[in-house]
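Student: I have a new model to read. Can you take me through it feature by feature?

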Amino acid sequence: MSVDQTKMAQQFIAAIPHSKELGMQYTEVGEGFAAMQMPYDTRFIGDPQTGVIHGGAVFALLDTTCGAAVMSHPKMKGHTATIDLRIDYMRPATPGQTIRTRATCYRMTRSVAFVRAEALDDNDENPVASATGTFTVGGN
Amino acid sequence: MGRKPMEPVQVVKQRRDAALNALVNGVPYIQFLGIQFDRRGDELTAVMPFKEMLIGNPMLPAIHGGATAAFLEMTSIIGLSWSILWEKIESGEIDADTLVAGNMPSLPKTIDFTVDYLRSGLPRDAYARARVNRSGRRYASVHVEAWQDNRGRPFAQATGHFLMPQSDG
């Protein structure tokens with residue numbers, strides 16, 4: 001949403017070694033919403049025969065995007081951690097293309113945040129993967 | 001009634017390790033995360049030595065949930081592949097030398113993967129073992145657990161479903 005918020009989020013990413021190593025970038029941050037991207041990199045290949053990146057790299061991006069959506073929720077206080085995250089891989093990501101993700105925190109209780117997300121490549125019509133997860137709210 | 005003569009142990013080990021190495025070294029993301037596989041008979045333990053780039057929360061510090069998930073998924077895929085390769089190598093259906101020469105069968109493809117985060121991953125080496133609960137002709141179901149200092153206190157577990165590679169194309 002606001003340029004400031006996205007910029008702040010980007011600085012937050014710079015402080016996370018794993019996200020930085022994977023080249024993750026924020027493209028948008030709103031209330032209970034986050035969008036990110038991760039450019040293709042041959043180091044992320046999971047299937048050497050096709051050059052398709054490993055599901056684990058997509059998982060990492062989706063997890064980070066979901067966490068960011070929780071953190072940006074207006075009712076959010078304190079920290080969050082993933083309780084569980086399920087990913088459905090609908091099709092292989094096209095080699096060479098940037099992965100884009102968007103996540104929405106659609107419900108937040110005092111202790112649990114519920115999140116949905118999807119991952120796309122250059123094809124907007126058919127997502128590469130979708131995710132649903134729950135996250136802790138506040139506390140330790 | 002004639003028994004096949006027993007092969008010397010080092011020949012058997014060399015063949016199995018070469019096949020495993022060929023399987024593991026072909027995957028760039030395994031190298032990227034620095035995952036290794038320790039083989040005892042047909043059982044594999046995946047090891048992910050701690051390094052700075054795995055950190056997801058610099059304050060605690062803790063391993064990134066995405067790195068943990070990738071570690072679990074990789075352990076599942078390699079574990080599942082290995083269980084199939086093992087049978088084929090041992091039965092003589094596949095020659096380990098052809099694997100080493102680069103003729104690897106396709107890897108199983110993840111259909112879905114669900115990760116439970118039980119506690120935060122500490123800045124320590126992590127270990128994981130996968131258990132293939134069902135391995136059919138088309139689909140497989142795999143459960144995997146990861147731990148650090150204490151085997152009895154896993155820090156993450158996951159269940160995934162996989163599409164099996166079709167050998168006849």
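**Reading the model**

Tutor: Start with a helix. The buried residues of α1(B) are B:Val12, B:Arg16, B:Ala18, B:Ala19, B:Leu20, B:Leu23 and B:Val24. Keep in mind that this is a predicted model.

Student: What do the buried residues of α1(B) pack against?

Tutor: First the general idea. An α-helix has 3.6 residues a turn, so residues three or four places apart point the same way. Here, the buried residues of α1(B) pack against α2 (28–33), β1 (36–40), β2 (43–48), α3 (65–91) and α4 (96–100) of chain B.

Student: What span should the 17 residues of helix α1 of chain B have?

Tutor: At 1.5 Å a residue, helix α1 (residues 9–25) of chain B should span 24 Å. Its end C-alpha atoms are 24 Å apart, so the two agree.

Student: Now peptide bonds. Which kind joins B:Leu60 to B:Pro61, cis or trans?

Tutor: Most peptide bonds are trans. The one from B:Leu60 to B:Pro61 is cis, with omega near -15 degrees. B:Pro61 sits in the loop between β3 (55–57) and β4 (62–63) of chain B.

Student: How many disulfides does the structure hold?

Tutor: A disulfide is a covalent bond between the sulfur atoms of two cysteines. The structure holds zero over all chains. For A:Cys66, the nearest cysteine sulfur is that of A:Cys105, 9.3 Å away.

Student: Why is A:Cys105 not bonded to A:Cys66?

Tutor: Their sulfurs are 9.3 Å apart, too far for a bond. A:Cys66 counts as buried because its relative accessibility is 0%. A:Cys105 is buried too, with a relative accessible area of 6%.

Definitions and conventions
Residues are numbered from 1 along each chain as its sequence is written. Chains are lettered from A and ligands numbered from 1 in the order in which they are written. This is a predicted model: local features need pLDDT of at least 70, side-chain atom pairs count only at pLDDT 80 or more; totals for chains, interfaces and linings use all residues. Side-chain values use heavy atoms; hydrogens and water are left out. Helices (H or I, at least four residues) and strands (E, at least two) are DSSP runs, numbered from the N terminus. The expected span of a helix is 1.5 Å times one less than its number of residues. Buried means under 20% relative accessible area, exposed over 50%, partly exposed in between (1.4 Å probe, protein chains only). Contact means heavy atoms within 4.5 Å. A disulfide is a pair of cysteine sulfur atoms within 2.5 Å.
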